[in-house]
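Welcome to this short briefing. Please have a look at the fold below, and then we will walk through its strands and its core together.

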Amino acid sequence: MKKNIGSALALYPTPVVVVGAMTGDKPTWTLVAHVGIIGHDRILVSLASAHYINQFIKKNNKLTVNLVNEDMLPEADYTGSVSGEKTDKSQIFEYEIGESGAPVINKAPLTMECSVADVYNTEGFESFICTIDHTYVEEEHLNEDNKINYQTLKPVLFEFPTYEYLKTGEVIGKCLSFKNDLQK
């Protein structure tokens with residue numbers, strides 16, 4: 001029997017990313033797990049309104065979404081534990097400036113360089129609706145068709161109620177293939 005636990009946010013786990021933005025001549029970074037897809041050409045990055053990085057995202061209308069794998073988790077976790085207002089986080093990662101002017105983490109297996117198309121405000125949060133300008137992927141994580149291979153990339157996931165990081169699992173089947181089991 002299902003139990004009603006109230007109005008609980010229950011769409012976890014979600015991918016862990018480090019968002020980057022330029023503060024002028026150097027980047028700042030923050031750990032984010034409130035990200036999502038809102039169409040085939042838009043993503044959403046939701047940050048608490050008080051985050052230091054938000055002012056620079058709004059000023060430049062540019063940010064990067066750097067997917068976290070297990071190798072970069074210690075640095076990524078650190079970016080979420082200190083405020084950029086009090087700590088210079090620019091040297092945590094080696095980086096390059098992407099083609100649109102946002103900082104791309106060299107260690108990240110996949111980075112999406114984005115432009116802010118809109119900002120949706122809710123109580124205590126600013127959600128940046130972004131278009132994807134460029135996607136940079138380490139070649140070792142591309143298959144023979146130049147599609148991203150998430151089995152080798154292995155993004156880290158975040159689960160909110162317990163504040164735990166999870167490893168991605170193995171493939172259990174192709175999308176839309178299970179319908180065959182119901183038709184038997």
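Which residues of the largest nonpolar core touch the most other members? In this predicted model, that core holds 21 residues, and Val19, Val45, Ile57, Leu63 and Val65 are the ones that touch the most other members. The points below look at where the core comes from, and then at the strands.

**The largest nonpolar core**
- Two or more core residues come from each of these elements: S2, strand S5 (42-48), helix H1 (54-60), S6, strand S9 (110-122) and strand S10 (125-137).
- S9 supplies the largest share of this core, with 4 residues.
- Apart from this core lies another one, made of 14 residues that include Ala33, Leu73, Ala76 and Ala108.

**The surroundings of Val45**
- Leaving aside residues up to four places away in sequence, Val45 touches Val19, Leu63 and Val65, among others.
- The contacts of Val45 also include Val32, His34 and Val35, as well as Glu126, Ser127 and Phe128.

**Strand S2, covered on both faces**
- S2 spans residues 17-22, and 6 of its 6 residues are buried.
- On one side of S2 sit Val17, Val19 and Ala21, while Val18, Gly20 and Met22 are on the other; both faces are covered.
- As a reminder, strands of a sheet pair through backbone hydrogen bonds, in either a parallel or an antiparallel way.

**The partners of S2**
- Strand S3 (residues 27-32) runs antiparallel to S2, and 6 bridges join the two.
- Within this pairing, Ala21 has Thr28 of S3 as its bridge partner.
- S2 and S3 make a hairpin with 4 residues between them, and Gly24 in the turn has a positive phi of about 140°.
- Strand S6 (residues 62-67) is also antiparallel to S2, joined to it by 4 bridges.
- Here the bridge partner of Gly20 is Thr64 in S6.
- Ala21 and Gly20 therefore make a handy pair to click on: Ala21 lies on one side of S2 and Gly20 on the other, both buried, as befits a cut-off of under 20% relative accessible area.

**A three-stranded open sheet**
- Another place to look is an open sheet of 3 strands in the order S1-S11-S12, with antiparallel pairing.
- Its edge strands are S1 (14-15) and S12 (164-166), each of which pairs on one side only.
- S11 (residues 157-159) pairs with S12 in the antiparallel sense over 3 bridges.
- To find this pairing in the viewer, start from Leu157, whose bridge partner in S12 is Leu166.

Methods:
Residues numbered from 1 in each chain as written. Predicted model: local features only at pLDDT ≥ 70, side-chain atom pairs only at ≥ 80, totals over all residues. Heavy atoms only, no water. Buried < 20%, exposed > 50% of the residue type's maximum accessible area, 1.4 Å probe, protein only. Pairing = 2+ DSSP bridges. Core = buried A, V, L, I, M, F, W, Y, C linked by side-chain atoms within 4.5 Å. Contact = heavy atoms within 4.5 Å.
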